[in-house]
Amino acid sequence: MSLFALIAQETPQFLPQNIAFGVIAVISVVAALKMVTTSNVVHAALYLVLVLASVAATYILLAAEFVAATQILVYIGAVMVLMLFGVMLTRAQIGAEDDLNHDQRWIGGLVAALLLAVMSYALIDHYGDDRLPETIVPQTTAEVSDEIFSTYIVPFEAISVLLLAALIGAIVVARRD
Amino acid sequence: MLLNQFLLLAAVLFAIGVYGVLTRKNGVLVLMSIELILNSVNINLVAFGTFNADVSGQVFALFIIAVAAAEVGVGLAIVLLIYRNRRSIDVSEADMLKG
């Protein structure tokens, strides 16, 4: 495939990153496939942890250290605990279940395959052999915070209010009364 | 490194997430698949941010992480409420709006 040929003619300084990327990509895709096909809800949550961790590794590969740290803290730390609580509170039995999927799975597979085909055609067509800069300058946490608290201060405040509203809403919806 | 490496990885994860949303019946598993979709979009944003040497990509990725946290909180509350009312979180059984 031409993509691999393009990667092969890479400047040698990126070789370790490319090997790391290959490992991360294989881990995340396999774990994601396992997540959507496994018949055990708890196993699906643990496969999701693997996917989220490899996405964090991808961020580090892209020199986005603060986003990677946030990914680990928020997703693996908080969201996964919430998910496991959801699993615990909504089901009695732990173990494999046979009634997790729709009967007409092939429609979902068809839609996903079509989507992937269209997206990869568009991406390969448009970004063919665009390369990341030869020297990736890591964007420090200070730069990210400067940007958030100057250019994006209004969206930031809006997100804060959204988070507050969502948390109050979640408590109100889930409360027993 | 090619930009497309990251974009195609994100596209594959997105498609897998869409498959999960469409085929899973368990409400919690549907929410997990949505998390997968949001994460694949974040990879795109960070990759474009690095590609353009612009910090805005990371800022938007952080915003999406915050919105995803809010989404999963409300989503799990709704799933819990469905479970409490119907003793099942099968999303294909919650079809009271069907004509």
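These are questions and answers about a predicted model with chains A and B.

In this predicted model, local features need pLDDT of at least 70 and side-chain atom pairs count only at pLDDT 80 or more, while totals for chains, interfaces and linings use all residues. Residues are numbered from 1 along each chain as its sequence is written, and chains are lettered from A, with ligands numbered from 1, in the order in which they are written.

Q: What makes B:Ser88 partly exposed?
A: A residue is buried with 20 or more other C-beta atoms within 10 Å of its own, exposed with 12 or fewer, and partly exposed in between, with C-beta atoms placed from the backbone. B:Ser88 has 16 such atoms within 10 Å, so partly exposed is the label.

Q: Where is B:Ser88 found, and which residues does B:Ser88 touch beyond those up to four places away in sequence?
A: Look in the segment after H3 of chain B. Leaving out residues up to four places away in sequence, B:Ser88 touches B:Tyr83 and B:Glu93; touching, or being in contact, means that the C-beta atoms, placed from the backbone, lie within 7 Å. Its C-alpha atom is also 9.2 Å from that of B:Gly27, and those two residues are 61 apart along the chain.

Q: Why is chain B called more spread out than a compact globule?
A: Take the radius of gyration over C-alpha atoms and set it against the globule rule, 2.2 Å times the number of residues to the power 0.38. For 99 residues the rule gives 13 Å and chain B has 17 Å, well over that, so chain B is more spread out than a compact globule. Its C-alpha trace spans about 50 × 25 × 20 Å along the principal axes.

Q: What does the globule rule give for the 177 residues of chain A?
A: A compact globule of that length would come out near 16 Å, but chain A has 21 Å. The C-alpha trace of chain A spans about 60 × 45 × 25 Å along its principal axes.

Q: How many helices and strands does each chain have?
A: Chain A has seven helices and zero strands, and chain B has three helices and zero strands. Both elements are DSSP runs numbered from the N terminus: H or I of at least four residues for a helix, E of at least two for a strand.

Q: How do you know which helix gives the most to the side of chain B that touches chain A?
A: Count residues: 59 of chain B are in contact with 78 of chain A. H1 (3-23), H2 (27-51) and H3 (56-86) of chain B each supply at least two residues of that side, and H3(B) gives the most, with 21.

Q: What makes the largest nonpolar core a core, and why is it said to lie between two domains?
A: A nonpolar core is a set of buried Ala, Val, Leu, Ile, Met, Phe, Trp, Tyr and Cys residues joined through C-beta atoms within 7 Å. The largest one has 69 residues, and among those with the most contacts inside it are A:Met35, A:Val51 and B:Ile16. H1(B) provides the largest share, 15 residues. Domain 1 (2-102) and domain 2 (140-177) of chain A both give residues to this core, so it lies between them; the bounds come from an automatic or database domain assignment.

Q: Which residues is A:Met35 in contact with, leaving aside neighbours within four places in sequence?
A: A:Met35 contacts A:Ala44, A:Tyr47, A:Leu48 and A:Val51, plus B:Gly20 and B:Met32.

Technical notes. Two residues are in contact if their C-beta atoms, placed from the backbone, lie within 7 Å.
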